[in-house]
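Work through the exercises below with the sequence and the model at hand. Each task is followed by a solution in steps.

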Amino acid sequence: MADEEARGAERMEVSTELPQTPQRLASWWDQQVDFYTTFLHHLAQWVPEIYFAEMDPDLEKQEESIQMSIFTPLEWYLFGEDPDVCLEKLKHSGAFQLCGKVFKSGETTYSCRDCAIDPTCVLCMDCFQNSVHKNHRYKMHTSTGGGFCDCGDTEAWKTGPFCVSHEPGRASTAKENLRCPLNEEVIAQARKIFPAVIRYIVEMTIWEEEKELPPELRIREKNERYYCVLFNDEHHSYDHVIYSLQRALDCELAEAQLHTTAIDKEGRRAVKAGAFAACQEAKEDIKSHSENVSQHPLHVEVLHSEVMAHQKFALRLGSWMNKIMSYSSDFRQIFCQACLREEPGSANPCLISRLMLWDAKLYKGARKILHELIFSSFFMEMEYKKYFAMEFVKYYKQLQKDYISDDHDRSISVTALSVQMFTVPTLARHLIEEQNVISVITETLLEVLPEYLDRNNKFNFQGYSQDKLGRVYAVICDLKYILISKPTVWTERLRIQFLEGFRSFLKILTCMQGMEEIRRQVGQHIEVDPDWEAAIAIQMQLKNILLMFQEWCACDEELLLVAYKDCHKAVMRCSTSFMSSSKTVVQLCGHTLETKSYRVSEDLVSIHLPLSRTLAGFHVRLSGAVSRLHEFVPFEDFQVEILVEYPLRCLVLVAQVVAEMWRRNGLSLISQVFYYQDVKCREEMYDKDIIMLQIGASLMDPNKFLLLILQRYELADAFNKTISTKDQDLIKQYNTLIEEMLQVLIYIVGERYVPGVGNVTKEEVTMREIVHLLCIEPMPHSAIAKNLPENENNETGLENVINKVATFKKPGVSGHGVYELKDESLKDFNMYFYHYSKTQHSKAEHMQKKRRKQENKDEALPPPPPPEFCPAFSKVVNLLNCDIMMYILRTIFERAVDIDSNLWTEGMLQMAFHILALGLLEEKQQLQKAPEEEVTFDFYHKASRLGSSAMNAQNIQMLLEKLKGIPQLEGQKDMITWILQMFDTVKRLREKSCLIVATTSGSESVKNDEITHDKEKAERKRKAEAARLHRQKIMAQMSALQKNFIETHKLMYDSTSEMSGKEDSIMEEESTPAVSDYSRIALGPKRGPSVTEKEVLTCILCQEEQEVKIENFAMVLSACVQKSTALTQHRGKPIELSGETIDPLFMDPDLAYGTYTGSCGHVMHAVCWQKYFEAVQLTSQQRIHVDLFDLESGEYLCPLCKSLCNTVIPIIPLQPQRINSEDAEAVAQHMTLARWIHTILARISGYNMKHAKGESPTVPVLFDQGMGDSTLEFHSILSLGVQSLIKYSNSIKEMVILFATTIYRIGLKVPPDETDPRVPMMTWSTCAFTLQAIENLLGDEGKPLFGALQNRQHNGLKALMQFAIAQRITCPQVLIQKHLIRLLSVVLPNLKSEDTPCLLSIDLFHVLVGAVLAFPSLYWDDTVDLQPSSISSSYNHLYLFHLITMAHMLQILLTIDTDLPLVQVQEESEEARSASSFLAEISQYTSGCIGSGIPGWYLWVSLKNGITPYLRCATLFFHYLLGVTPPEELLTNAAEGEYSALCSYLSLPTNLFLLFREYWDTVRPLLQRWCADPALLNCLKQKSTIVRYPRKRNSLIELPDDYSCLLNQASHFRCPRSADDERKHPVLCLFCGAILCSQNICCQEIVNGEEVGACIFHALHCGAGVCIFLKIRECRVVLVEGKARGCAYPAPYLDEYGETDPGLKRGNPLHLSRERYRKLHLVWQQHCIVEEIARSQETNQMLFGFNWQLL
Ligand SMILES: [Zn+2]
Ligand SMILES: [Zn+2]
Ligand SMILES: [Zn+2]
Ligand SMILES: [Zn+2]
Ligand SMILES: [Zn+2]
Ligand SMILES: [Zn+2]
Ligand SMILES: [Zn+2]
C-alpha cells in the first residue's frame, strides 16, 4: 500500500506542473459554450488526483489543492474579479434577517414561554443573550441536533422576533449596502454555475454504480484501485464492529478503533484499499465476522477509488456552496430555483426532491451536509421554504416510509425537517389548503399501520417492534405540528380541506375504537401478559392531537356540527354488533329498562374508545349550537344509550379490576387501567368517559339511566333482593363494586369542572387541580407540574394561578421549596375529587381531618358547593332525587343499621353521605335563587318521605339519626350531624319562603346552627385541653427518662446525633468546659496547670467501657489521612506523583500540598478494630465488583457512621504537668535566652563530637568557635531539670507506629516503611497542617478559636497531638536529633547547616511544631531515658516559640505588600513607632532591598493581621499539647479581645516588637544572617510567587448568578486537543475555574500507565486528587477522589421554585444559591469530600457502575 501512496503523490506533481492560474482557468471557462460539460471535465481531471490517498490522506494538502485547482477558479469565474475582495465586500452587506444557526447535538437552545408561538421555536445562545426574552420566562433545553435558530422569523414569536444582531434596521452603518443587489454579471454567472454545481452534487450523491463513474466523468484511463467501505448502522455495538474489523483485516486494536470511531462519526469509511478481488474478500470477511444469530452482517461495499473520490468531493462542494450562499440572498434564491427546476420532458422529480428521496439510503456524513445545504438555502428564504415544503409534502408518504424502514436516528433523517415547516402558521395553513397535508399525513399513517390491523380492521400491536412503531410516532407528531397553531381566519377552502383531513383522521380512530379487546380470564391465569405499551403510547401521542382537532372545530359552529355529525356516524358504525345483540329487562321500584344483554365480566371489552371520546369532546364544545344539533344528527339517529354504552363499560371494567375480578388477566390490564386514569392520558380517556355519562344523564330519564348503570355494574341483583351469602370474598367483591359505582355517580353529579359542562374557566379548572394536590401535602413546583396535564405547548397553566391558591415556602440549605395551600382555599376541598388515586384520596382525607382536629373543628368533610351546570347539562342533577337513587341510598343506610347485614362498608356510607350532601346543597342553592314554588328539585321531600318498597320502611332522615347512635360509626358522627343540620336548613328555606321573608329565616337558621355549633365547640375545647395536659405530663416523664439515657450513653449519643444531623453537622458544643482560676498561660515559668479529666470511653464495636491510660490496651479513633490543597497559595502547582525523593521536613510557605488527618470521632478498642478490619477484608473479597474502598491501602468505613477511614489514631491520655513555683523562680534566675541557646548549642556540639568518633558526622553543623563557654558543657542541659520517660504500653506503641506509618505512606505516596527517617517528619507535618486547616476553617466561618469546634475535630486534634508526643519515642533518638538540628538551624544563631533553607521559603508554624515535638530528644542519653521536667520544657517552649515568632515577624515585614494605596492615616501608636524603627534597622541589613518609608501604623496593622493566623495556630497547638485552659476571650466570638488573649496565652508582649528589644543582642546576628542570605534576596525579587501574610483564604471560584451565563461559557468552549465539532462535555473545576473536556478520548492522559480522563488528571494537580467539578451542560456537581471514586452532588443552582434541575430536564431559569454554594465550600474546607463520596457510594451501591477514571 505504501508504494501505491507514493505513486499517487508523484502523479500529483506531474499534474500541478500545468501552469494554470485560477484566473486564467476562469476566463477559459468563460469561452466555453456549455459550462456543465466543461466543469465536469475539469473535475474529472482533478478530483481523482486530489482524493487519491483515501486511506491515509494529508488533509491539509488535500484542502489546499481543492482550493487552488477548483474553488478559487470557480469563484473567479463567478465574480469576474478577485473573489477575496468581492466576498469581503459582500460580507458587510449580508445582514440576514434570519439567524438560521443549525444546532449540533448537545447545544443549549432557549425558548420563551411568554413569546414563542410554540415550544419548537428556539433561539441559539447568542441570539438569546441578545434578545428581550432573556428577562422573560424562558426554558433551556439541550438540542438533539438538527434544529435551527428561529431568530428573525416573525412567525415564530409573538413579540421580540429579532435579537439585537438580527434586527433588520440595525446595520445602519452600511445602509447603502443593505439590499446590496449583486451586479447583473455576477447574477448571470451564478445562474450558470449553481445549476451545474447542484447537478453534480446530486448526480454523485445518488450514484449507485460501484465500479463505474458516469460517462461524462470517465475521461481517464481506469485504474485498478478499489476500496472496501464499511457503513455504520444502529444495530452493531462499537465493540462488535471493532472485533469484526480486527478479525477480518487482521489489524491492531488501535487501527480498528480508529476506523470504528470514524465510521460512527462519518457514517462510512474505507477500511482497505487494493485490487477488486482483495477488497471483495475483505468485504466478505467483515460480513461473516459481524453476522450472528441475532444480527445482520455489517453493511460493506467495494467502491472504485474514483467513485469514492467524486462522492467525497461532491460533499465538499456542498459545503462550499453553503459558504457562498451565506453571502447573499440572491445566491440563495438562484440556488433554490436551480434545485426546484424540473427537467423538461423528464418524469424525474426536481433535484432537491431527488436528494430528499435518496436521503434514507445515504450515510450519516452525507446527510448532514445535505441537510445543512437545505437549511442555508431554502430555510433562509421564506418564499422558497414554502416551495420546499410543497415538495416535501408531495413526497411525504415515500419519505416517511423510507424513514420507517431505515435504521438511522430521526435526527439525521430528512423527515425531521417537518417541524421547521409544519409549525410555521402560514405555511401550515397553506399546506392544508393547497396540498391537503392533514389527509396526506393521516393517509401515510393508514398506509404504514396496516401491518398492525387484525381481521376486524382494528389495530393490534401484539409482538410489535418498538423501534418501528417509534418511527410511526414521528408521523403522528407531524400531525401535532400542523395543528399546533389554530387558524384565526377560516377560508372556505381551508374549511373543506380541514374537514377532509378530519374525516381521514376519523378512519384512524375507527381502527382504534375498540382495539385490543380483552375478556375476563376465569379459572386459569393467562400465560403471557399481552403487549399493552404500544396502544397506550399511541393514546398518549394522540391526546393533544385529539384535543387540537376539537379546538379547531370549535372555532366555527358550522364546522363543529359537521364534524360532530361525522364523528357520531363513525361511533354508530362501530356499534353495529352491539345493536344487533339480544335484549334483557331490568326492573326496580316500579321502573323498567329494556336493554341489550351484555356483561363486562363475560364479554369482550376494550378501553380504547377514541371515537366516543372525541364525540364527548365535541359535545361539551357545542354550547349554543346544541339547539341546531338535530339538523345534523336527527333525534331518531342520536341513540344516546348506545353512545353511553362503551364508556360505561370502561368504567365498569375499572371497578371490576379494583374488585380483583380480573386478577387472572395479569399485570398488563392493571397497567392499562393505571394509564387510563393517569395524567398523561386521562383527558382523552377517563375524563371523557365521565363526560359521556354526564351527557347520558342529561338526556336520558334519570331512573332509566340509573337502571342502566346498575345493570352494567352487574349490581341490579345486589339491590333488588337481599343477598344472603356467607361467601366473604363475594361480599367483598359486591361491596367494592357498589363503592366504585357510588363514586362514579358522585362524579357524574358533582364534577362540573370542565368548561362546557359547568360554568367554569380553564383557570378555575387548573386552580382546583392544584388545590386538591396541595390538600394531600405541600408540594414542590415540579411535583405539581407533573400531576397536571400538559397542553400541546407543554404548558400546564400552573404559574398563572398558583399564587391565588398557595404560598411558596423557600427551601433551606438542602431540600426544595414547596407550595402550601392558602387557608381560604381549604374550603374547596372535595374528598371525592375524581382525579385522586385511591392512595391520594385517603392521604388527603387523613390530612384534612387531622387539620380540622388541630383547629378544634368538627371532622365533617362535606362537598364544597359545586358550580352550576351549563344549560345543556342542567338535567343531570335530577339523578339525585330520582326514585332509584333514593332507593339506593335507603338500601345502604338500612343495611348499615341492620346488625345482620354485611353488605355495606364505612366507605360506602361516606359516599352515600356525600350524595345526600350534594342533593341538599343543590336544593338549597336552587331555593336561594328562585321562589320556592318554582323549585321542582325536591330532594328534601323525597329523602324525608317514607319508602315504598316495604311497609315498615323508614325515611332517610330517621335512618341517619339511627346511624348516629352506632358506636362503630363514631368517625362519621360529625358528617351525619352536618347533614341533619342541612336537612333543617333546607326545610326552613322551604317553610320560610312561604312567608316571603326568606332572607331572615336563612340567617336565623344559621344562627341556630351556630348555637349548637358553639356548644359542641366548647365541649371539644374542654376535651382538647384535658388531652393536652395529659400529653404534657407524659412528655415530662419521657424527657426525664431521655436525659438519664443521654447521661449514661453520652458518647454514643453525641456520635449518633452528629450522624443524624448530617444537614448541618457543625455541633456547637463547648470543647473545653472546665473553668478554673488557674493561670491561663501556656508557655514559660508562669505556665498554668494541665487540665485533665479521667477519660472513660466506650468502644463502638463491643460496647465495653474502658479508661484511657498509658499502661492499658490501646483505644483508637477511626481516622482518615488525606493529601490536601485546601490551603494552597499556588493552585495547580505540579505535584510529585511519588514522594520517594521528597524531603518533607520543611513546608513550603505556599502550603500547596499538606497532609490532613481527620476523624469522625468514633472510639474502638484497637483489638476490636483489628478484628473488624479483618472481617471487612474477608467479606470484601467475596464481593467482587463492589470496590467501594481500597482495602490494599487500609481503607474501611467507620462501623458507626460509615465515614471513609484509612487508619486509626491511638488515644493517649495527656500527662498532667504542674510547675512548682519555687523551682520556677530558681530557674528563672539564670535562664536567659542567651544562656539557653548556649546550653543547647553545647549539647548539640557534644553530640556531634560523640558521633564524630564513631562514624562520620551525620549532621554538618557550623559553629562559631568563639562561642565556646567552658562552664557550659554537654550535660548542663540536664541541670535544668529532667524526669524519666513515660512508659507506654506495647499495645499503644504498636498503634503509634501503625498510624505514623500510614501518615508517611499517604502523605508521601510511597510504600509503607516504618523505619524510614521521614516517618517522624510526616507526623509533625500532619500535626501542623491539620491545625492550620482547622484554624483557617474557624476563621472562615467567623467562629471563636475554642468553643466552636465540632466534637470530632476536638477529639481528633487531642488524639493527634498526644500521639505526636509519643511518636518520638518509637524512633531512634539520633534520628530525631538530626531532624531537630536542621529545624533549629533556622532560628539559632551560630548554627547553620548547609541545607538550611532561606527564611522566605519555609512555613514557620511547621518549624515550630517540629521543633517543639522533637526537642525532648536533646535530653536523650545512652544510658538513661530522660525527658525535660515541666519547668525545663516550659522554658524550651517559650524560647523556641519566641525565636520562631520573631522569624515569622521578619517574614511578614519582608513580604509586606507596599503596592497598596496608603490613604488611611492612623494615630501614631507605640507599636507603630517600634515598627518604624525596627524596619529602619532591617533595611540596613538588606542593603535597601526592603523599602523604608512605609508608615509605621501600616507596618503594625499589616504585622498584626499577618501574624494572627500563626498565633491562633500556635494557641491551638499548645493547648492540645499541654492541656492548659485558654483565656475566656478565645471561647467567645469577640474579635477585639482575641489578639491580646492570644498574646497572653502565648506569653508574648502585645507590642510584639518588644521581643526584639528584649533579646536584641542575641537576635541581631540572626537578623543579619537571615537578611543577608542571597537566597532570600532572590525570593524577594520574584514578586509573583512570593507568599504574603496573612495567606489568602481559599474559596470556590465565583459563579455567575444566572446559569445561562455558564452555558454561554460552555458553548464557547473548544476542546484543546481536537478540532472536530462533536458534542463535548465541558466541565468546570470549582477550585480553579479551569474548563475541561471530560468523558472524551481526545483529552485522556496516561498516568502510571493507566488512561485517565481530563478531570481526574486535572484533579491530581489541582486538588491532590480531590476535586469538585460542575458539569456545565447537565448542571450537576461531581466530587471526585483519586482515580476511581466520585459521586454526584446537587448543583448550587435553583429555579425560582427552589428546586435543582439535574440534566436540565425542566429547563427553568436557574440562579445561584449562595447558601448552597457556601455549604459546598465548607464540605471542601472541612475535608469532607472523601466522606461525602464514600457515603453516597455506600447508599447507591446498586447504581454503581460509572467509570470515574475516565471523567
Ligand atoms: Zn441564532
Ligand atoms: Zn438573532
Ligand atoms: Zn419572550
Ligand atoms: Zn471493643
Ligand atoms: Zn464514625
Ligand atoms: Zn482546578
Ligand atoms: Zn477533548
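**Exercise 1: the site of ligand 4**

In this predicted model, the zinc ion (ligand 4) has as protein donors Cys1099 (SG), Cys1102 (SG), His1165 (ND1) and Cys1168 (SG), which lie 2.1 to 2.3 Å from it. Determine the arrangement of the four donor atoms around the zinc ion (ligand 4), and state which parts Cys1099 and His1165 tie together.

Solution.
- Step 1. Four donors count as tetrahedral if all angles lie between 85 and 135 degrees.
- Step 2. The donor atoms around the zinc ion (ligand 4) subtend angles of 97 to 118 degrees, so the arrangement is tetrahedral.
- Step 3. Ideal angles for four tetrahedral donors are 109.5 degrees.
- Step 4. The spacing of the donor residues of the zinc ion (ligand 4) in sequence is C-x2-C-x62-H-x2-C.
- Step 5. Cys1099 sits in the loop between β10 (1096–1098) and β11 (1105–1107), and His1165 in strand β13 (residues 1154–1165), so this pair ties together parts 66 residues apart in sequence.
- Step 6. Buried means under 20% relative accessible area. Cys1099, at 0%, is therefore buried, and His1165, at 12%, counts as buried too.

**Exercise 2: the site of ligand 2**

Describe the site of the zinc ion (ligand 2) and find which residue coordinates both this ion and the zinc ion (ligand 1).

Solution.
- Step 1. Cys127 (SG), Cys151 (SG), Cys163 (SG) and His166 (ND1) coordinate the zinc ion (ligand 2) at 1.8 to 2.3 Å.
- Step 2. The angles among these four donor atoms are 102 to 114 degrees, and the site is tetrahedral.
- Step 3. In sequence, the donor residues follow the spacing C-x23-C-x11-C-x2-H.
- Step 4. The zinc ion (ligand 2) is 4.2 Å from the zinc ion (ligand 1), and Cys127 coordinates both.
- Step 5. Cys151 and Cys163 are both buried.

**Exercise 3: Ser1289**

Is Ser1289 buried or exposed, and which residues does Ser1289 touch?

Solution.
- Step 1. Ser1289 belongs to the loop between β17 (1282–1284) and α48 (1290–1308).
- Step 2. The relative accessible area of Ser1289 is 12%, so Ser1289 is buried.
- Step 3. Leaving aside residues up to four places away in sequence, Ser1289 touches Ile1110, Glu1111 and Asn1112.
- Step 4. A polar atom of the Ser1289 side chain lies 2.7 Å from the backbone oxygen of Asn1112.

**Exercise 4: helix α51**

Compare the span of helix α51 (residues 1373–1387) with the expected value, and state how many of its residues are buried.

Solution.
- Step 1. Helix α51 has 15 residues and reaches 21 Å from its first C-alpha to its last.
- Step 2. This is close to the 21 Å expected at 1.5 Å a residue.
- Step 3. In α51, 13 of the 15 residues are buried, and the helix is mostly covered.

How values were computed: Residues are numbered from 1 along each chain as its sequence is written. Chains are lettered from A and ligands numbered from 1 in the order in which they are written. This is a predicted model: local features need pLDDT of at least 70, side-chain atom pairs count only at pLDDT 80 or more; totals for chains, interfaces and linings use all residues. Side-chain values use heavy atoms; hydrogens and water are left out. Donors are N, O and S atoms within 2.8 Å of the metal (3.2 Å for Na, K and Ca); water is not among the atoms, so sites may look incomplete. Four donors count as tetrahedral if all angles lie between 85 and 135 degrees; four count as square planar and six as octahedral if opposite donors are over 155 degrees apart and all others between 65 and 115; anything else is irregular. Buried means under 20% relative accessible area, exposed over 50%, partly exposed in between (1.4 Å probe, protein chains only). Helices (H or I, at least four residues) and strands (E, at least two) are DSSP runs, numbered from the N terminus. A polar contact is a pair of N or O atoms within 3.5 Å; within protein, one must be able to donate a hydrogen and the other to accept it, and residues adjacent in sequence count only if both atoms are side-chain atoms. Contact means heavy atoms within 4.5 Å. The expected span of a helix is 1.5 Å times one less than its number of residues.
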